[in-house]
Amino acid sequence: MIWSSAAEFWAMGGYGDYVWGSMGVSLVLLALEVLTTHMGRRQALDAVCEAMEADTEEVHDEQQRVHASLGPARMNPLSSGASS
Amino acid sequence: MKLFHYAAPHNFYHLAGRLWPWLALVASALAVAGLWTGFMVAPSDAQQGQAYRIIYIHVPVSWMAMLIYLAMAFWSVLGLAFQTRLSGLMTRALAPTGALMAFLSLWTGALWGKPMWGTYWVWDARLTSMLILLFLYLGYIALTSAIEDPRRSDRAGALLAVVGSVNVPIIYFSVQWWNTLHQGASVSFTQSPRMASVMLTGMLLMSLAMWLYAVAMALRRVRSLILVRDSHAAWVQQLPEVLALRALRSAA
Amino acid sequence: MSAQALPNPWQAMAGVLQRDLRLALRRKAEWLGAVFFFVVVVALFPLAIGPEPDTLRLIGPGVLWVAALLASMLSLGRLFEADHLDGSLEQLALSAAPLSWLVVAKLGAHWLISGLPLVLLSPILGLQFGLGPEALGLLALTLLIGTPVLSLLGAIGAALTLGVRGGGVLQSLLLLPLYVPVLVFGTGAVDAQMRGLGAQAHVSVLLALLLAAAALSPWACAAALRLALE
């Protein structure tokens, strides 16, 4: 072991501030990057769910329009809750 | 051909999903090994004492900053030539990591410079070129964020990346020229400590670790980009993770 | 026009050049603004830094070059914006002549209106910094070679950001890294000459940059413009 004590390790021959300033900031920012990519995935999955909801709304609206145009008395095969 | 199979976002999504955890794992192992070698095994430097140890982070991030930009240019050329959508997405996924690497290079470089040469910033060729490279990254990110149409955004970004990459060697050359002309006033950061083989080992381990880390991050990011870009596609909407989230949301 | 044979590209270029020049001469206020900006910025520096002749002589070439660079960036807004808004840019893209050639013609007109005045004014403004006649001549030469490069590179930025919100600031961010080599060699030439080292090498590099930009830029601009027009 090249260090005779923990204190010596942290001091880095008097350059402790610079060495640990470099290593510390690098570690923090890289960790932040890992975190933001993780959050990015959550946001992406949320966006997909929202897109799906928008899609089903569109399909639903389309079905309503078809119902309305065909008139209330007609039996309509589309009328059974086919929203997926 | 196998390669073009993965050019489809659908297939690449799954490939990237399988790859990135392994890359992250190996990167972590290499980083531990590299830091151990650098901080616990390698001796102090004759001229720079313990402060030289900053190179174990400074050199890897500097190399990555340059390598990632080259990778962006490579993907951009592919995208412009073959019109593949994945190329634009990969370029975008790489940019934030590249910008971070460039910033860390400047930060660690400044903190190395202060104890060694008495000043946080020096207009030497490498630092100045790295600063400009950071601007190139930020410019790419700004441009692609500002354009709303995805296709135009991807292609404009690709053009910018290609033009920028042609410029990088020119910029470096010009800054080096400028630096030597004004030699009297400036101090050069290009003097690195003479490398004992242990030091070199540590540096190489850290560089490899950074590289794998960068690839892992880019793969993670591109997966999210693919999800958003293809959010109306059937294959996305039927993914297990999406269905799981939907179930969670409707239960809430 | 449609009944005749296709006009050859040279005629098309000449047509675009003439049109742009005529339009610019009608809207003098636009390009005079950039020239005025150049003059004012150059005058601000001695006021800010002090009248010390030695200091001014040192910073003179740099100040003039940076001012020219900024004025050039300012004037880029006029390059494609107006044509894009009134639809004539689309017409240019649809014409039989290659778009990259027509871009060269537009850039030629743009430089004649926005770049050349700066070159011609620079010796006069350089006197404010106490530069000698050789330095002034060389400064004008570097600007003569350099301002077209700035226009060529700037056009890429303008084309990429055409119609994008926040375009002006974004354009500057994109262009500054690209402008650095031109700036370094332009001012380096005058510096080298002032130190008695001779400026041939710098001027040669500037010429090389001009050739490279002339080769690369029209293609990149045309590609970027087509993107903007989709």
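This is a short tour of a predicted model with chains A, B and C, moving from the whole complex down to single residues.

**Stop 1: the whole complex**

Start by colouring the model by chain. The predictor gives the complex an ipTM of 0.87 and a pTM of 0.86. Which chains touch? Two pairs do, and the pair with the most contacts is chains A and B. Now hide chain B for a moment and look at what is left: chain A and chain C do not touch, and their nearest C-alpha atoms are 24 Å apart.

**Stop 2: chain C on its own**

Select chain C and show it as a cartoon. You'll find nine helices and zero strands. The radius of gyration of chain C is 19 Å, close to the 17 Å that the globule rule gives for 230 residues, so chain C is as compact as a globular protein of that length. Along the principal axes, its C-alpha atoms fill a box of roughly 65 × 30 × 30 Å.

How much of chain C is buried? Of its 230 residues, 46% count as buried. Among the contacts in chain C with a separation of 6 or more, 80% are between residues 24 or more positions apart.

Switch to confidence colouring while you're here. The mean pLDDT of chain C is 88, and 97% of its residues reach 70 or more. Which helix of chain C has the lowest confidence? That is helix 4 (residues 77-86) of chain C, at a mean of 84, while the highest is helix 7 of chain C, at 94.

**Stop 3: helix 3 of chain C**

Next, select residues 53-75 of chain C, which make up helix 3. At 1.5 Å a residue, these 23 residues should span 33 Å, and the end C-alpha atoms are 31 Å apart, which agrees. Look along helix 3 of chain C for a kink of about 45 degrees at C:Ile59, shortly before the proline C:Pro61.

Now show side chains. Buried residues in helix 3 of chain C include C:Gly60, C:Pro61, C:Trp65, C:Leu69 and C:Ser72. What do the buried residues of this helix pack against? Turn on helix 2 (28-49), helix 4, helix 6 (99-126), helix 7 and helix 8 of chain C, and you have their partners.

**Stop 4: C:Trp111**

One of those partners, helix 6 of chain C, holds C:Trp111, so select that residue next. Is C:Trp111 buried or exposed? C:Trp111 is buried, with 21 other C-beta atoms within 10 Å. Leaving aside residues up to four places away in sequence, C:Trp111 touches C:Leu116, C:Thr147, C:Pro148 and C:Ser151. Try the distance tool on C:Trp111 and C:Ser72: they are 39 residues apart in sequence and 9.0 Å apart in space, C-alpha to C-alpha.

**Stop 5: where chain C meets chain B**

Bring chain B back. The contact takes 24 residues from chain C and 25 residues from chain B. On the chain C side, the elements giving two or more residues are helix 7 (133-160), helix 8 (167-194) and helix 9 (200-229) of chain C. Which one gives the largest share? Helix 8 of chain C does, with 13 residues. By class, this side of chain C has 19 nonpolar, two polar and three charged residues.

**Stop 6: where chain B meets chain A**

Move over to the other contact, which takes 34 residues from chain B and 25 residues from chain A. Select helix 4 (85-117), helix 7 (197-229), helix 8 (234-237) and helix 9 of chain B: these give two or more residues each to the side of chain B that touches chain A. The largest share, nine residues, comes from helix 4 of chain B. This side of chain B has 17 nonpolar, nine polar and eight charged residues.

Zoom in on helix 9 (residues 240-251) of chain B, where 12 residues reach 16 Å from the first C-alpha to the last. Helix 9 of chain B is hardly covered, with one buried residue among its 12 residues.

**Stop 7: the rest of chain B**

Select B:Trp36, in helix 2 (residues 9-41) of chain B. B:Trp36 is partly exposed, with 13 other C-beta atoms within 10 Å.

Finish with confidence colouring on chain B, which averages a pLDDT of 87, with 93% of the residues scoring at least 70. Over residues 184-189 of chain B, the pLDDT is below 50. Where pLDDT is low, the predicted coordinates should not be read in detail.

Technical notes
Residues numbered from 1 in each chain as written. Chains lettered and ligands numbered in written order. Helix = DSSP H or I, 4+ residues; strand = E, 2+ residues; numbered from the N terminus. Rg over C-alpha atoms; globule rule 2.2 N^0.38 Å. Buried ≥ 20, exposed ≤ 12 C-beta atoms within 10 Å, placed from the backbone. Contact = placed C-beta atoms within 7 Å. Nonpolar A, V, L, I, M, F, W, Y, C, P; charged D, E, K, R; others polar. pLDDT = per-residue confidence, 0-100. Expected span 1.5 Å × (residues − 1). Bend = angle between axes of the 7 residues up to and from the residue.
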